[in-house]
Amino acid sequence: MGAVSDMGVTTGLAILDALPDGFLDCDARGLYSLLDGPTLIEMPGERGPPLFVSILLHGNEDSGLGAVQRVISDYQDRPLPRSLMLLVGNVEAARHGLRRLDEQQDFNRIWPGALNHGDTVEARIMAEVHARVVERGALAAIDLHNNTGRNPHYAVVCNLDPHTLGVAALFSPRVVCFRGIPGTQTASFAGLVPAITAECGLPGEAANAEAGARLVDAALNLDELPDCATEGAPLDLYHTLGVVRVREDVSFGFGTGGAELRFDPALDENNFRELKPGTVFGETGHRMPLRMIDEAGHDVAEHYFETGAGELRLRKQAVPAMLTVDPRIVRQDCLCYLMERL
Ligand SMILES: [Zn+2]
């Protein structure tokens with residue numbers, strides 16, 4: 001059952017039938033003292049099928065931990081209203097406050113359906129969790145994340161069926177549909193279990209953990225899956241045009257400095273704003289310092305961005321999400337997504 005060797009290398013999935021002592025008061029950095037690595041905790045509730053919730057697939061994103069701690073603490077002297085399968089993901093990266101360790105794969109890119117994760121221990125763990133969740137006919141799958149830039153709360157889905165949108169609406173009326181990153185937890189369940197990613201804003205803020213807690217508690221208390229076609233307020237639906245990254249061979253920074261690409265340091269104020277063609281993202285002498293990969297895997301950067309007179313500008317009207325001003329996240333993940341309203 002030991003899931004991490006002395007070298008910090010993940011060796012397998014641990015499965016528990018109760019929370020370890022101390023879990024409800026532990027911060028993300030301290031979880032390594034309670035858990036040996038990726039751990040699935042299967043807790044009984046008053047009814048089934050279970051709700052599946054994953055937290056800390058990215059080790060620096062702690063609102064999911066705060067959310068499940070809040071919810072489970074509320075049920076300490078009574079049973080959970082529904083069984084819960086809780087996956088605690090990258091315990092080692094959480095210990096260091098990082099999305100992932102440099103030698104690790106991204107825990108949210110290696111779920112079944114990933115293109116080239118190879119046959120790694122981490123990918124086998126996620127496949128094992130995936131099989132158990134599907135086998136138990138989970139009611140829904142919720143993956144709790146944070147953003148590194150300033151964003152309002154929003155859900156990401158890979159499927160526009162009414163049940164999936166109904167679960168998303170429990171979290172936020174703002175819903176982004178994107179099928180372009182195979183190997184995410186949410187993508188791996190599309191068509192099998194209604195699945196959403198809940199993007200809970202910046203980590204480390206109580207209000208964001210509370211928003212995640214309201215979602216998990218609402219899902220645990222569902223009698224049946226909501227159908228957004230008949231319930232609740234209308235959704236604000238977006239479709240993702242592509243993921244924007246800085247070309248690997250281009251140096252970049254935020255603000256002034258000697259890098260080939262110098263982004264506006266307040267770029268993340270633009271998340272979920274409708275941006276006009278010509279909006280300046282930064283300064284550069286490079287012809288095209290970005291790549292933008294659409295759902296089909298094509299680079300469409302030239303279609304959405306242009307350069308000239310030392311500036312990098314948007315060419316088309318678009319709405320960005322996940323814009324970050326953290327250079328490490330830009331390299332490990334992306335600069336942003338560009339979206340259009342549906
Ligand atoms: Zn994340």
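**Figure 1. Surroundings of the buried residues of helix α4.** In this predicted model, the elements covering the buried residues of α4 include β5, β6 (154-157), β7 (174-177), β8 (195-199), α6 and β9 (236-246), where contact means heavy atoms within 4.5 Å. Helices (H or I, at least four residues) and strands (E, at least two) are DSSP runs, numbered from the N terminus. Helix α4 spans residues 162-169, and its buried residues include Thr164, Leu165, Gly166, Val167 and Ala168. Buried denotes under 20% relative accessible area, exposed over 50%, and partly exposed in between (1.4 Å probe, protein chains only). The N-terminal end of α4 is capped by Asp161, a side-chain oxygen of which lies 3.2 Å from the backbone nitrogen of His163. Residues are numbered from 1 along each chain as its sequence is written, and side-chain values use heavy atoms, with hydrogens and water left out. Because the model is predicted, local features need pLDDT of at least 70 and side-chain atom pairs count only at pLDDT 80 or more, while totals for chains, interfaces and linings use all residues.

**Figure 2. The zinc site.** The protein donors of the zinc ion are His58 (ND1), Glu61 (OE), Glu61 (OE) and His145 (ND1), at 2.0 to 2.6 Å from the ion. Donors are N, O and S atoms within 2.8 Å of the metal (3.2 Å for Na, K and Ca); water is not among the atoms, so sites may look incomplete. Along the chain, these donors follow the spacing H-x2-E-x83-H. Distant parts of the chain are thereby linked: His58 belongs to the loop between β3 (51-55) and α1 (63-74), and His145 to strand β5 (residues 141-145), 87 residues apart. Both His58 and His145 are buried.

**Figure 3. The largest nonpolar core and the surroundings of Phe23.** The largest nonpolar core has 49 residues, and those with the most contacts inside it are Phe23, Val53, Leu86, Val88 and Leu144. Helix α6 (residues 206-220) gives the most to this core, with 6 residues. A nonpolar core is a set of buried Ala, Val, Leu, Ile, Met, Phe, Trp, Tyr and Cys residues joined through side-chain atoms within 4.5 Å. Not counting residues up to four places away in sequence, Phe23 touches Leu31, Leu34, Leu35, Leu65, Val68, Gln69, Leu86 and Val88. Gln69 is placed in helix α1 and is buried, with a relative accessible area of 12%. With the same exclusion, Gln69 touches Phe23, Leu24, Asp25 and Cys26.

**Figure 4. Cysteines without disulfides.** The count comes to 0 disulfides, a disulfide being a pair of cysteine sulfur atoms within 2.5 Å. The sulfur of Cys177 lies 6.8 Å from the closest cysteine sulfur, in Cys158, which is too far for a bond. Cys177 is buried, at 1% relative accessibility. For Cys336, the closest cysteine sulfur is that of Cys334, at 6.7 Å, again too far for a bond. Cys336 is buried, with a relative accessible area of 0%.

**Figure 5. Backbone features in three loops.** The peptide bond from Gly48 to Pro49 is cis, with omega near -5 degrees; Pro49 is found in the loop between β2 (39-43) and β3. Phe272, although not a glycine, has a positive phi of about 65 degrees. Phe272 lies in the loop between β11 (261-263) and β12 (280-284) and is buried, with a relative accessible area of 13%. Met322, another residue other than glycine, has a positive phi near 65 degrees. The loop between β16 (319-321) and α8 (327-332) holds Met322, which is buried, with a relative accessible area of 16%.

Note on methods. A polar contact is a pair of N or O atoms within 3.5 Å; within protein, one must be able to donate a hydrogen and the other to accept it, and residues adjacent in sequence count only if both atoms are side-chain atoms.
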